[in-house]
Amino acid sequence: MELGLVGLGKMGGNMRERIRRAGHTVIGYDRNPELADVDSLQELVEKLRGPRVVWVMVPAGAATQSTVDELAGLLSPGDVVVDGGNSRWTDDEKHAEELKAKGVGFVDCGVSGGVWGLENGYALMYGGDKDDVAKVQPVFDALKPEGEFGSVHAGKVGAGHFAKMVHNGIEYAMMQAFAEGWELLEKVDSVTDVREIFRSWQEGTVIRSWLLDLAVNALDDDEHLEKLRGYAQDSGEGRWTVEAAIDNAVPLPAITASLFARFASRQDDSPQMKMIAALRNQFGGHAVENKK
């Protein structure tokens, strides 16, 4: 099939390549002309045959809103817009209504896989009408990991981004647990090789995981994480997860505590946050702050 892809940064650029490797045609647009295949959204839409599918991979909020607004004026009834960024699920409902008035479908898709997705595939969580989802299905199949799992139609519009939000909340708590354990091991005089302890956990333990593998990678690069400042950003989805928990009266003590720990990192040079920052860099290519 043909796909228009808007936003060709770290994620979008790799997604374009993976979709092309599966044999589909991708026409990409980015504000950086060195990355783009076309010079404008209008040219992108004109080059696609109907019914068109345009996948948006730009920052949540104003950038996504302006892109959806422009596409609403360019697309035709029967076309579909996919928001694959990290938008809040409540924005999805607004975008779906805006596009519905033009006869254009809308699918929201939470995407996980970071900088490793090109080779390993992307975990996909999408929401929307089944007929709209069907128009995008070949792209979902191209992006997902090999095997039975890694892709799910989570429900109505907004369900995909809600599922991805909860996924990221769980990720916060898991990273915090690894970071706390690492700091405690580093603190005790009797423990002489924390890195090798983490490495030993990669086989046969109940906590073996991709995050653990990435922690070992980070420690191989910088055994005591001495090059990093103990500061970790939050993408916003941890906050949204906690807010949703409050709205639905669901207790999330571990996820909430992990979010607050990141806030604490902005007050002091937190050893735990060195591990959080290192893990975020390993799986997502997120920027780290080095010591001066």
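Salt bridges in a predicted model

E17 is partly exposed, with a relative accessibility of 33%. The structure that contains E17 is a predicted model. E17 has a charged partner: E17 and R21 form a salt bridge, in which the closest N and O atoms are 3.1 Å apart. Both residues belong to helix α1, which covers residues 10-21, and because they are four residues apart there, about one helical turn separates them.

The pair E17 and R21 lies within one helix, but another salt bridge links two helices. The side chains of E237 and K164 meet at 3.9 Å, N to O. E237 is part of helix α10 (residues 237-247) and K164 is part of helix α7 (residues 159-187), so this salt bridge ties together parts that are 73 residues apart in sequence. Are these two residues, E237 and K164, buried or exposed? E237 and K164 are both buried.

A further link between helices involves D220 and R195, whose side chains form a salt bridge at 4.0 Å, N to O. D220 sits in helix α9 (residues 210-221) and R195 in helix α8 (residues 194-200), so the pair ties together parts that are 25 residues apart in sequence. D220 is partly exposed, at a relative accessible area of 37%. The pair also belongs to a network: salt bridges that share partners join R195, E196, R199, D220 and E223.

The pairs described here are among the salt bridges of the model, for which the count comes to 13.

Methods:
Residues are numbered from 1 along each chain as its sequence is written. This is a predicted model: local features need pLDDT of at least 70, side-chain atom pairs count only at pLDDT 80 or more; totals for chains, interfaces and linings use all residues. Side-chain values use heavy atoms; hydrogens and water are left out. Buried means under 20% relative accessible area, exposed over 50%, partly exposed in between (1.4 Å probe, protein chains only).
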